[in-house]
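Please look over the structure below. A short report on its make-up follows.

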Amino acid sequence: MKIAICSDEPNFLKRIYNFLWQEPDCSVECFTSPALLWERYQAGERYDVIFLDTIMSPFNGMELAKKIRECDRSAILVFFSVSLDFAPAGYEAGAFRYLVKPVTKAAVSRVINDIYKKLAESETLLIKTPECRLLLHPHELQYLQSDDKNTLLYHKGDLITLRKRLSELEGMLPRRFFFRIHRKYIINLSYVREFDDVRATLSCGQTFPISRRRGKEFRRAVQTYVEGALDS
């Protein structure tokens, strides 16, 4: 899980960092100014979770949260403050949690555990492997390919190898997005560009064989996906 912490109080920032880097499967970046974090966002950087101090300059945490929400609706926001005065504004910005200082390690750990629970219940994919916990957004995952006892995931143009069989991952995927067209392949229906009775081509240009016994079911799945997309 990719985490950003932003506070202009160096000692507090270090304290929260020391809490978070001990959490399993978390990579943490620190920002001493909201302007620095906003610069990273403008450059295209994104985070799964952002911890924000409320009182900062040149603009406060609430103002930064509103800026972030203009370009990132999925980041989970957690606020710190010395009082609850900012809580209403924080929840208007879509705050996941609001922690009152002084903040303890136990409180931070509870927030991280609650975030994992939230992600497990949402359409965000939380895939646990022996090496790590992997957070994926369904619309960013193009297709999955079986590779013996491993599975290759093509995620935002990058290749990720997981030590899980394709059949194990199949049950974790939301069916309205994904379809297993062949014993070796699962594709994201939102990327289908064209298809016939024997093959499907994705927008990335990759073409996949369609199993003969899955052809009719695949056409129904595409139709259901398209109808759902038009209704949303």
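Buried residues make up 48% of the 232 residues in this protein. The model is a predicted one. It holds seven helices and 15 strands. The exposed area comes to about 12600 Å², and carbon and sulfur atoms supply 47% of that area. Among contacts with a separation of 6 or more, 51% link residues 24 or more positions apart.

**The first helix**

Helix H1 spans residues 10-20. Its buried residues are Phe12, Leu13, Ile16, Phe19 and Leu20. They cover an arc of only 125° around the axis, which puts them on the same side of H1. The other side of H1 has Pro10, Asn11 and Lys14, which are exposed. The general rule is that an α-helix has 3.6 residues a turn, so residues three or four places apart point the same way.

**The cores**

The largest nonpolar core has 27 residues. Met1, Ile3, Ile16, Leu20 and Phe51 touch the most other members. Ile16 and Leu20 are also among the buried residues of H1. The table lists the elements that give two or more residues to this core.

| Element | Residues |
|---|---|
| Strand S1 | 2-6 |
| Helix H1 | 10-20 |
| Strand S3 | 49-53 |
| Strand S4 | 76-81 |
| Strand S5 | 95-100 |
| Helix H5 | 105-121 |

H5 gives the largest share of this core, seven residues. Another core, of 20 residues, lies apart from it. Tyr41, Ile50, Met56 and Phe79 are among the members of that other core.

What does methionine 1 contact, leaving aside its neighbours within four places in sequence? The list contains Asp25, Cys26, Ser27, Asp48 and Val49. It also contains Ile112, Ile115, Tyr116, Leu119 and Leu135.

**The five-stranded sheet**

One open sheet has five strands, in the order S10-S9-S8-S12-S11. The pairing is antiparallel. Strand S10 (158-162) and strand S11 (178-182) stand at the edges. Each has a single partner strand, so one side of each is left without a neighbour in the sheet. Neighbouring strands of this sheet are turned by 20° against each other on average, direction ignored.

At the S10 edge, the partner is strand S9, residues 150-155. Five bridges join S9 to S10, and the two run antiparallel. Leucine 153 stands opposite isoleucine 160 in S10.

Methods
Residues are numbered from 1 along each chain as its sequence is written. This is a predicted model: local features need pLDDT of at least 70, side-chain atom pairs count only at pLDDT 80 or more; totals for chains, interfaces and linings use all residues. Side-chain values use heavy atoms; hydrogens and water are left out. Buried means under 20% relative accessible area, exposed over 50%, partly exposed in between (1.4 Å probe, protein chains only). Helices (H or I, at least four residues) and strands (E, at least two) are DSSP runs, numbered from the N terminus. The arc is that of the directions from the helix axis to the C-beta atoms. Contact means heavy atoms within 4.5 Å. Accessible areas come from the Shrake-Rupley method with a 1.4 Å probe; for residues, only the protein chains shown count as cover. Two strands pair if DSSP finds at least two bridges between them. Axes are lines fitted to C-alpha atoms, for helices over the stretch in contact, and angles run from 0 to 180 degrees between N-to-C directions. A nonpolar core is a set of buried Ala, Val, Leu, Ile, Met, Phe, Trp, Tyr and Cys residues joined through side-chain atoms within 4.5 Å.
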